[in-house]
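Visitor: I'm new to this one and don't know where to look. Please pick one part, take me in close, and then show me what lies around it.

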2 protein chains.
Amino acid sequence: MINRFDPHVVLAALKSVLPPKQSAVALHEPQFRGNELPYVKECIDTGWVSSTGKFVDRFERQLEEYTGVKRAVAVVNGTAALHICLKLSGVEDGDEVLVPTLTFVATANAVTYCKAIPHFIDSEVRTLGVDPFKLEMYLTEIAEVLHEGCFNMQTGRRIKAVIAMHTFGHPVDIEPLVDICNRFKIVLIEDAAESLGSYYKGRHTGSWGLCSALSFNGNKTVTTGGGGAILTNDEDIGKMAKHITTTAKLPHEWAFNHDMIGYNYRMPNINAALGCAQLEQLPGFLERKRALAERYKSTFVEIEDVEFFTEPEFARSNYWLNVLLLNNEDIDIRDMILEKTNSNGIMTRPLWTLMHKLPMFKQYPRMDLSTAENLEKRLINIPSSASLV
Amino acid sequence: MINRFDPHVVLAALKSVLPPKQSAVALHEPQFRGNELPYVKECIDTGWVSSTGKFVDRFERQLEEYTGVKRAVAVVNGTAALHICLKLSGVEDGDEVLVPTLTFVATANAVTYCKAIPHFIDSEVRTLGVDPFKLEMYLTEIAEVLHEGCFNMQTGRRIKAVIAMHTFGHPVDIEPLVDICNRFKIVLIEDAAESLGSYYKGRHTGSWGLCSALSFNGNKTVTTGGGGAILTNDEDIGKMAKHITTTAKLPHEWAFNHDMIGYNYRMPNINAALGCAQLEQLPGFLERKRALAERYKSTFVEIEDVEFFTEPEFARSNYWLNVLLLNNEDIDIRDMILEKTNSNGIMTRPLWTLMHKLPMFKQYPRMDLSTAENLEKRLINIPSSASLV
């Protein structure tokens with residue numbers, strides 16, 4: 001049966017954009033054409049590969065300069081960064097933290113590391129991120145603002161924070177979220193794991209909340225092998241982020257004293273060396289990723305019933321992972337396209353399974369999640385590496 | 001005033017053993033004279049720097065072969081390995097875990113990550129590790145063994161596990177600990193962070209407990225920049241260790257499903273590449289570290305009132321960090337020696353501050369800790385790098 005949703009149409013469109021390749025086209029691959037090897041060689045030659053060394057400092061300063069935040073603290077990965085953001089925000093045992101159901105599992109996992117409870121909220125089609133309008137309606141209905149903070153009247157628990165995630169690099173509508181958080185006494189954390197190089201009204205994502213998390217996993221726009229960073233404009237939070245991620249050790253020539261429970265989350269120098277080289281190339285990566293997105297846009301505009309997702313008017317997106325949205329809300333069609341493209345050597349991916357559907361999160365509170373559930377049936381990620389241009 | 005404890009005596013003895021150096025002599029420095037650069041270059045050239053790649057598998061297989069355990073799982077660091085060992089041992093909220101007060105802070109921190117309670121136990125002078133005789137006496141006094149496990153009659157809490165740490169690489173007296181754990185229904189975990197290359201009665205440390213933690217921090221015998229591993233002889237525990245440290249993702253060509261709360265603890269491929277090259281050189285490192293220990297031994301045997309710590313008869317130690325024990329139990333003398341050596345460019349270090357003295361652990365249960373407190377006043381670590389021979 002041939003119909004408008006013949007997966008061949010999508011496969012042909014992708015093939016027309018992508019360069020011919022011998023091997024399979026990955027969803028997102030890193031590129032190392034700068035100073036990666038010399039910097040890493042310097043670590044090996046000098047013996048400084050581990051937890052202290054000049055590249056960690058340099059990487060943090062480069063991140064501060066690029067994002068415009070006051071303090072960046074490099075850590076082992078984005079999950080660790082999120083965990084510490086929650087700690088720094090004062091999230092405690094039994095608190096609720098508002099988390100989009102449409103996110104990667106790390107966002108919700110990090111909440112549970114604090115023995116807090118993820119409370120799942122819906123997204124909007126325009127940004128793929130938290131829907132501020134719907135969130136405000138919901139909080140007005142279920143929450144009570146007391147002197148000590150915001151409380152969920154249904155569960156009696158404190159709602160301490162919200163994690164706004166910039167989905168596939170596309171900025172969430174953050175300004176109304178800042179306003180809602182202020183009015184409801186909720187701390188705003190940004191999960192900017194995917195959005196290095198993405199801006200909201202000219203200001204870098206990750207600089208709006210009290211603190212935010214970046215990721216430099218191998219599939220991200222720039223990579224350190226494994227890595228992440230905490231960003232903040234609050235000097236005290238920044239100092240504490242460094243302290244708590246380096247085992248909370250007090251400085252001393254030889255004595256080992258620690259003044260609180262700390263974590264071993266520091267980024268090794270050899271990974272930071274890779275990061276320094278990658279950040280030098282970030283403007284070029286972004287330019288090429290943008291050019292790829294333009295090509296997809298002009299190709300898919302011709303195809304009825306498939307929409308190529310583009311940044312909303314207030315945002316400049318890094319187009320980390322490009323997104324197709326099928327008009328037809330039918331998971332069978334989505335899966336036929338996934339099957340067809342992957343079996344033909346072009347890697348594509350559906351949305352992550354929504355958090356509230358995973359067995360370990362099923363029992364947690366949630367609002368109506370109909371937009372995320374709709375997006376789950378319609379969304380497909382397509383190859384997005386800078387090297388494809 | 002000149003007396004037998006004149007710190008000059010110790011400084012002169014160290015100088016007589018150590019090679020003349022322009023710069024300060026570190027406590028432990030890595031050496032990269034093998035395949036480090038070619039392996040790391042391969043990661044960069046192929047783009048495989050991150051969470052999957054051949055060096056992670058190869059490093060794990062090399063560790064298994066070297067230590068003789070069935071399964072090794074590479075992770076981001078020793079602290080992460082300890083955290084997962086506790087999870088795999090079934091440690092839950094409110095359990096007590098027996099932890100030597102004489103250890104690095106990570107051992108006790110990891111217990112708190114599980115919302116469990118560190119319960120501090122004493123060490124013995126012969127091994128610097130847990131004193132099995134004293135532990136048995138103590139458990140006989142405070143513990144009750146029921147069908148569901150071992151309970152602390154004083155607190156009412158379950159005592160789920162003990163973490164036996166091989167201090168500075170010197171093996172703890174593990175066989176009696178295995179026996180005690182069996183009789184008291186307590187899970188034995190080994191903190192082998194410092195003891196790669198150390199054996200107890202011919203069997204590698206870290207292979208005696210249900211599972212154990214290694215570290216490859218920059219100051220360890222072999223380093224991956226930052227890194228660690230979980231070792232176990234239990235196939236199911238090994239499978240679960242891999243699963244839970246890789247976000248508990250279920251294998252699928254494109255779908256993202258996770259069946260439990262997981263962690264992002266996997267070791268990046270670029271760090272594993274370093275580790276593969278380092279493990280190839282481990283026998284050489286151990287030989288030279290042993291030769292250095294021999295030199296220290298024959299030098300300090302001449303010095304009254306200072307003892308050079310040597311492996312007990314049942315052990316073959318990696319001599320990770322060499323240890324001097326002052327006969328005089330006087331913290332002022334210890335500090336004079338630390339001052340004199342460090343100010344003369346030879347790095348030395350006292351014991352870590354004992355865990356029960358740190359502010360965040362002060363309120364936790366403990367047995368009599370007089371041996372550890374005695375060791376704290378007498379112990380000094382001295383330079384131990386393989387490169388010093």
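Guide: Let's start with a word we'll need: two residues are in contact if their C-beta atoms, placed from the backbone, lie within 7 Å. What you see is a predicted model, in which local features need pLDDT of at least 70, side-chain atom pairs count only at pLDDT 80 or more, and totals for chains, interfaces and linings use all residues. As for labels, residues are numbered from 1 along each chain as its sequence is written, while chains are lettered from A and ligands numbered from 1 in the order in which they are written.

The part to zoom in on is helix 2, and the way in is through the meeting of the two chains. Chain B brings 51 residues to that contact and chain A brings 52 residues. Which elements give two or more residues to chain B's side? They are helix 2 (36–46), helix 5 (105–113), helix 9 (269–280), helix 11 (331–343) and strand 15 (349–350) of chain B. These names follow DSSP runs numbered from the N terminus: helices are H or I with at least four residues, strands are E with at least two. The largest share, 5 residues, comes from helix 2 of chain B. Sorted by class, chain B's side has 23 nonpolar, 21 polar and 7 charged residues. Here Ala, Val, Leu, Ile, Met, Phe, Trp, Tyr, Cys and Pro are nonpolar, Asp, Glu, Lys and Arg are charged, and the others, Gly among them, are polar.

How do the two chains relate? A turn of 180° with a shift of 0.0 Å along the axis lays chain B on chain A with an RMSD of 0.0 Å. That is the relation of a two-fold axis. The same surface serves both copies, since 100% of the contact residues of chain B recur in chain A. The superposition is by least squares on the C-alpha atoms of residues with pLDDT of at least 70 in both copies.

Now for the close look, at helix 2 of chain A. Its buried residues are A:Glu36, A:Tyr39, A:Val40, A:Cys43 and A:Ile44. A residue is buried if 20 or more other C-beta atoms lie within 10 Å of its own, exposed if 12 or fewer, and partly exposed in between, with C-beta atoms placed from the backbone. Seen down the axis of helix 2 of chain A, the buried residues fall within an arc of 140°, so they line one face of the helix. The arc is that of the directions from the helix axis to the C-beta atoms. Turned away from that buried side is a face with the exposed residues A:Pro38, A:Asp45 and A:Thr46. What covers the buried residues? The cover includes helix 3 (54–67) and helix 9 (269–280) of chain A, together with helix 2 of chain B. Just after helix 2 of chain A comes A:Gly47, whose phi is positive, near 85°.

Another positive phi turns up at A:Thr247, about 60°, although this residue is not a glycine. A:Thr247 sits in the loop between helix 8 (235–245) and helix 9 of chain A. With 21 other C-beta atoms within 10 Å, A:Thr247 is buried. In chain B, B:Ala248 has a positive phi of about 55° and is not a glycine either. B:Ala248 is found in the loop between helix 8 (235–245) and helix 9 of chain B, and its 19 C-beta neighbours inside 10 Å make it partly exposed.

Stepping back, chain A is assigned domain 1 (7–31 + 282–388) and domain 2 (36–280), with bounds that come from an automatic or database domain assignment. Taken over C-alpha atoms, the centres of these two domains of chain A are 25 Å apart. Their contact takes 34 residues from domain 1 of chain A and 43 residues from domain 2 of chain A. On the domain 1 side, helix 10 (282–300), strand 13 (315–316) and helix 12 (370–378) of chain A each give two or more residues. Helix 12 of chain A has the largest share there, 4 residues.
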